[in-house]
Amino acid sequence: NFTRANFSKIFKRCLTTATVDNGKRLAAWKAVDDLILPQQHRVIGLGSGSTIEHALQRIASRQELRSLIYVSTSFQTRQLILQNKLKLGTLEECPNGVDLTIDGADEVDQDLSAIKGGGGCLFQERLVAQASQDFYLIADERKKSTSLGTKYTRGIPVEVIPMALSSIQRILMTMHPEGSIQLRMANPSDKAGPVVTDNGNLLLDCQVGPLGDTAAAVYQDIKRLTGVVEVGLFCGMAKKAYFGNNDGTVDIWT
Ligand code: 5RP
């Protein structure tokens with residue numbers, strides 16, 4: 001029902017969404033303009049998510065960037081590259097690797113460690129980041145953190161091979177008895193099936209509390225389990241992170 005209180009709530013929500021989206025756009029445009037140098041770069045990796053959509057819009061609008069090759073990290077990004085009539089490349093087609101990759105993040109700390117995989121694309125994102133000379137993050141200001149796990153509280157995304165699901169879930173519960181390890185569902189309320197990644201795998205969201213300076217160790221502990229494809233903790237990878245702020249400015253962390 002359309003009461004004054006409801007209207008005000010909806011209005012505030014729209015305003016917040018617009019502000020957040022503007023922060024994503026600011027960070028994305030600044031990063032594209034600062035980092036992609038058409039005289040120097042030929043192959044660009046593009047991460048996944050709504051912030052990357054802004055980066056793609058900016059790239060598509062700049063004629064001199066349209067002749068470069070773009071490597072995608074998900075079905076979503078692949079479609080956007082094609083829709084914008086940019087040149088799509090794969091890692092196999094680019095044996096000399098990727099000059100630089102720009103990607104979104106769910107949370108970033110001051111060491112530029114990040115939680116990624118909120119959109120479930122962590123494996124391909126890491127694969128392309130690993131093939132890249134330089135790796136950069138873009139996000140709105142809500143993603144700035146002093147300790148990973150305090151802002152993005154849904155948990156560390158872990159991609160697992162389907163047949164390993166229950167076994168990995170049990171092991172993770174033993175490793176983190178205080179935590180919660182949940183299979184990511186497409187829509188938790190209507191008991192729809194689980195989210196299936198672009199690689200045909202499943203996702204466990206591991207809430208284990210604030211990570212502080214243990215993020216790299218937690219990554220190693222989980223990654224070494226057979227059946228785990230990738231873990232959404234990107235430590236020691238990013239060179240810079242761009243954050244679009246509510247006041248219209250952009251912060252660059254190095
Ligand atoms: C997908 C990701 C995304 O980069 C991350 O979830 C951020 O998404 P958005 O830009 O929509 O906030 O890691 O796996």
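Which two strands form a hairpin with five residues between them? In this predicted model, the hairpin is made by β13 and β14, and glycine 248 in its turn has a positive phi of about 95 degrees. The two strands of the hairpin pair in the antiparallel sense over four bridges. Within this pairing, glycine 244 has valine 250 in β14 as its bridge partner. Glycine 244 is also the bridge partner of aspartate 140, and this leads to another neighbour of β13. That neighbour is strand β7 (residues 132-140), which pairs with β13 in the parallel sense over five bridges. Strand β13 (residues 240-244) is mostly covered, with four of its five residues buried.

The hairpin belongs to a wider arrangement. An open sheet of seven strands runs in the order β3-β2-β1-β4-β7-β13-β14, and its pairing is mixed. At the edges stand β3 (87-89) and β14; each has a single partner strand, so one side of each is left without a neighbour in the sheet. From one strand to the next, the twist averages 25 degrees. Further along the order, β4 and β7 run parallel and are joined by six bridges. Here valine 98 stands opposite serine 132 in β7. Helix α2 packs on this sheet, where it touches β1 (43-46), β4 and β7, and its direction makes about 130 degrees with that of β4. Helix α4 lies across β1, β2 (69-72), β4 and β7, running at about 145 degrees to β4.

A second sheet can be followed from α4. This helix also lies across β8 (156-160) and β11, and runs at about 70 degrees to β11. Helix α5 (residues 165-175) packs on the sheet as well, touching β8, β9, β10 and β11, with its direction at about 10 degrees to that of β10. The four strands form an open sheet in the order β9-β10-β8-β11, and the pairing is antiparallel. Its edge strands, β9 (180-183) and β11 (228-231), each pair on one side only. Neighbouring strands of this sheet are turned by 25 degrees against each other on average, direction ignored. Four bridges link β9 with strand β10 (residues 202-207) in the antiparallel sense, and in β10 the bridge partner of glutamine 182 is aspartate 205.

How many of the nine residues of α4 are buried? The count is seven, so the helix is largely enclosed by the rest of the structure. The buried residues are Leu122, Phe123, Gln124, Glu125, Arg126, Val128 and Ala129.

The interior can also be described through its nonpolar residues. In soluble globular proteins, nonpolar side chains tend to be buried together. The largest nonpolar core of this model has 60 residues, and those touching the most other members are Ala31, Leu46, Ala55, Tyr136, Leu137, Ile138 and Ala238. Helix α1 (residues 4-35) gives the most to this core, with seven residues. Leucine 137 offers a view of the surroundings of one member: leaving aside its neighbours within four places in sequence, it is in contact with Asp103, Ala105, Val108, Ala114, Ala238 and Ala241.

The ligand comes next. Around it are 17 residues, of which Gly49, Thr51, Gly104, Gly118 and Gly119 come nearest. Two or more residues of this shell are given by each of α2 (50-61), β4 (98-104) and α4 (122-130). By class, the shell has three nonpolar, 10 polar and four charged residues.

Two loop residues complete the picture. Most residues other than glycine have a negative phi, and most peptide bonds are trans. Lysine 85, although not a glycine, has a positive phi of about 55 degrees. It is found in the loop between α3 (75-83) and β3. Is lysine 85 buried or exposed? Lysine 85 counts as exposed because it has 9 C-beta neighbours inside 10 Å. Leucine 112 likewise has a positive phi, near 70 degrees, and lies in the loop between β5 (107-108) and β6 (114-115). With 20 other C-beta atoms within 10 Å, however, leucine 112 is buried.

Definitions and conventions: Residues numbered from 1 in each chain as written. Predicted model: local features only at pLDDT ≥ 70, side-chain atom pairs only at ≥ 80, totals over all residues. Near = placed C-beta within 6 Å. Nonpolar A, V, L, I, M, F, W, Y, C, P; charged D, E, K, R; others polar. Buried ≥ 20, exposed ≤ 12 C-beta atoms within 10 Å, placed from the backbone. Pairing = 2+ DSSP bridges. Axes fitted to C-alpha atoms, helices over the stretch in contact; angles between N-to-C directions. Contact = placed C-beta atoms within 7 Å. Core = buried A, V, L, I, M, F, W, Y, C linked by C-beta atoms within 7 Å.
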